[in-house]
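Student: I would like to look closely at a single part of this model before I think about the rest. Could you take me through it slowly, and then set it in its surroundings?

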Amino acid sequence: MNQLLIEQIDALLPQTQCGKCGFPGCRPYAEAIAAGRADINQCPPGDQEGIRKLAQLLGVPSKPLNTSHGFPRPGKVVARIDEQLCIGCTFCTRVCPVDAIVGAGKQMHTVIAAECTGCELCIAPCPMDCISLIPAAEKTGDIRQKQAADSARSRYQFRLQRLAREKQISPKAPKSKAIAQPKITPTAAEERKRAIVQAALKRAMAIRAQADNNRLPVK
Ligand code: SF4
Ligand code: SF4
Ligand code: SF4
């Protein structure tokens with residue numbers, strides 16, 4: 001593969017790492033474009049300006065965004081976790097492509113806003129619906145936007161390396177997806193979610209009861 005061309009294409013992609021292009025990150029999309037396996041108009045975060053730059057680099061005509069991949073957002077957003085509701089299930093940390101969520105199991109989790117790309121990947125897996133998107137402090141200017149993209153690219157690559165390392169050193173690491181990955185049926189997954197939510201509700205009700213007690217007038 002033409003590595004230089006891949007680098008050049010990747011440098012023009014926004015590094016949101018959202019997967020909306022149909023590939024698991026900006027770099028795989030860049031590789032697919034370079035190999036002629038993907039079109040230049042599949043990246044909603046890059047929008048029309050991104051397509052124009054890709055067309056210029058590749059010497060092909062620009063074209064409209066293929067909206068079957070989604071629509072661009074009017075402004076940048078970041079995720080925020082309602083820490084009162086978070087039950088520390090870690091589902092969100094497992095999917096964040098740039099390791100922008102910190103927190104341990106059964107502990108409150110927090111988004112590092114400066115590192116969040118607004119990819120939205122953490123929203124769906126949260127069983128408590130306690131992650132929302134809020135407007136981000138805009139990084140105006142080409143230099144600051146490039147710095148943010150470079151940082152996201154590094155964190156994305158670092159995460160991939162970390163996952164590969166963890167898989168290699170863990171004695172329980174699956175040798176191959178086909179053999180070792182436990183098959184979680186939708187029912188099992190649902191049951192797991194339900195158990196987590198029930199535990200969280202129990203805790204929330206206890207906290208509320210305690211708060212109500214504290215509000216009772218002193219006789
Ligand atoms: S920003 Fe999202 S849609 Fe665009 S190339 Fe990267 S992963 Fe694909
Ligand atoms: S915190 Fe959520 S929205 Fe932000 S980068 Fe991680 S997965 Fe994407
Ligand atoms: S997925 Fe939701 S509940 Fe679970 S750790 Fe993340 S924010 Fe907390």
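Student: Please start with helix α2: how many of the nine residues of α2 are buried, and is α2 enclosed by the rest of the structure or open?

Tutor: Bearing in mind throughout that this is a predicted model, seven of the nine residues of α2 are buried, so the helix is largely enclosed by the rest of the structure. The helix spans residues 26–34, and its buried members are C26, R27, Y29, A30, E31, I33 and A34. A residue is called buried here if 20 or more other C-beta atoms lie within 10 Å of its own, and the list for α2 includes R27 and E31 beside residues such as I33 and A34. Just after the helix comes G36, which has a positive phi, near 75 degrees.

The next point is what the helix packs against. The buried residues of α2 pack against α1, and, seen from the other partner, the cover over the buried residues of α1 includes both α2 and α3. Helix α1 covers residues 3–12, and the buried ones among them are I9, D10 and L12. These three lie on the same side of α1, because the arc they cover around the axis is only 155 degrees. The other side of α1 carries Q3, L4 and E7, which are exposed.

One residue of α2 also leads to a ligand. C26 is among the residues that come nearest to ligand 1, together with T16, C18, C21 and C43. In total, 16 residues surround ligand 1, and by class they comprise 10 nonpolar, five polar and one charged. Two further ligands can be described in the same terms. Around ligand 2 there are 14 residues, with A79, C96, C116, C119 and C122 coming nearest, and that shell holds 11 nonpolar, two polar and one charged residues. Ligand 3 is surrounded by 15 residues, of which C86, C89, F91, C92 and C126 are the closest, and its shell divides into 11 nonpolar, four polar and no charged residues.

From α1 we can also move on to α3, which runs over residues 47–58 and which contains D47. With 15 other C-beta atoms within 10 Å, D47 is partly exposed. Leaving out residues up to four places away in sequence, D47 touches L65 and P72, and its C-alpha atom is separated by 8.9 Å from that of R73, a residue 26 places away along the chain.

Beyond α3, the loop that leads to β1 (77–81) holds K76. K76 is likewise partly exposed, as 19 other C-beta atoms lie within 10 Å. Apart from neighbours within four places in sequence, K76 is in contact with G118, A136 and E138, while its C-alpha atom and that of I134 are separated by 8.6 Å although their positions lie 58 residues apart along the chain.

Finally, the setting of these parts is a protein chain with seven helices and four strands, which follow the pattern α-α-α-β-α-β-β-β-α-α-α along the sequence. Of its 219 residues, 24% are buried, a figure to keep beside the seven of nine in α2. Among contacts between residues at least 6 apart in sequence, 62% join residues at least 24 apart.

Notes:
Residues are numbered from 1 along each chain as its sequence is written. Chains are lettered from A and ligands numbered from 1 in the order in which they are written. This is a predicted model: local features need pLDDT of at least 70, side-chain atom pairs count only at pLDDT 80 or more; totals for chains, interfaces and linings use all residues. A residue is near a molecule or strand if its C-beta atom, placed from the backbone, lies within 6 Å of it. Ala, Val, Leu, Ile, Met, Phe, Trp, Tyr, Cys and Pro count as nonpolar, Asp, Glu, Lys and Arg as charged, and the others, Gly among them, as polar. Helices (H or I, at least four residues) and strands (E, at least two) are DSSP runs, numbered from the N terminus. A residue is buried if 20 or more other C-beta atoms lie within 10 Å of its own, exposed if 12 or fewer, and partly exposed in between; C-beta atoms are placed from the backbone. Two residues are in contact if their C-beta atoms, placed from the backbone, lie within 7 Å. The arc is that of the directions from the helix axis to the C-beta atoms.
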